[in-house]
Amino acid sequence: MKDGRVLFVKNDAADHGEWSSLNPGNLAGALTIAAETQNRTVIYLHEGLYHLPRTLKFGPEMSNVEFRALARGNVIFDG
């Protein structure tokens, strides 16, 4: 992606992977990285149930973040 970042996450990933499709990180870590960057960030979500221990709040710092489910994957947020 030109002038941006791509992060892959999986619901049962370790705290921090390499953020690649073969070694994804977790959602909390991806959100932290995305909030700290000024460039566009696309977060690809592997199929699965993502438990949210608290309400997600998106402010202006997340305006350049896009979420996408990987092809043929159902992503569910619960919490």
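The exercises below work through confidence, sheet layout and salt bridges in a predicted model.

**Exercise 1. Confidence**

Find the average pLDDT of the protein, and state which element scores lowest and which highest.

Solution.
1. The average pLDDT over the protein is 88.
2. A score of at least 70 is reached by 95% of the residues.
3. Confidence is lowest in helix α1 (residues 27-36), with a mean of 89.
4. Confidence is highest in β4, at 95.
5. Where pLDDT is low, predicted coordinates should not be read in detail.

**Exercise 2. The sheet**

Give the strand order of the open sheet, and determine which strands lie at its edges.

Solution.
1. The open sheet has 3 strands in the order β1-β2-β4, and the pairing is parallel.
2. The edge strands are β1 (4-9) and β4, since each of them pairs on one side only.
3. On average, neighbouring strands of this sheet are turned by 20° against each other, direction ignored.

**Exercise 3. One strand pair**

How many bridges join β1 to β2, and which residue of β2 is the bridge partner of V6?

Solution.
1. Strands β1 and β2 run parallel and are joined by 6 bridges.
2. The bridge partner of V6 in β2 is V42.

**Exercise 4. Salt bridges**

List the salt bridges found in the whole structure, and locate the residues of the R40 and E66 pair along the chain.

Solution.
1. The search of the whole structure returns 2 salt bridges.
2. One of them is formed by the side chains of R40 and E66, at 2.8 Å from N to O.
3. This pair links distant parts of the chain: R40 belongs to strand β2 (residues 40-45) and E66 to strand β4 (residues 65-69), 26 residues apart.
4. The side chains of R68 and E66 also meet in a salt bridge, with an N to O distance of 2.5 Å.
5. Through salt bridges that share partners, R40, E66 and R68 are joined into one network.

**Exercise 5. Accessibility of the network**

Are R40, E66 and R68 buried, partly exposed or exposed?

Solution.
1. The cut-offs are under 20% relative accessible area for buried and over 50% for exposed, with partly exposed in between.
2. R40 has 36% relative accessibility, so R40 counts as partly exposed.
3. E66 has 26%, so E66 counts as partly exposed.
4. R68 has 32%, so R68 counts as partly exposed.

Technical notes. Residues are numbered from 1 along each chain as its sequence is written. This is a predicted model: local features need pLDDT of at least 70, side-chain atom pairs count only at pLDDT 80 or more; totals for chains, interfaces and linings use all residues. Side-chain values use heavy atoms; hydrogens and water are left out. A salt bridge is a side-chain nitrogen of Lys or Arg within 4 Å of a carboxyl oxygen of Asp or Glu. Helices (H or I, at least four residues) and strands (E, at least two) are DSSP runs, numbered from the N terminus. Buried means under 20% relative accessible area, exposed over 50%, partly exposed in between (1.4 Å probe, protein chains only). pLDDT is the predictor's confidence in each residue, from 0 to 100. Two strands pair if DSSP finds at least two bridges between them. Axes are lines fitted to C-alpha atoms, for helices over the stretch in contact, and angles run from 0 to 180 degrees between N-to-C directions.
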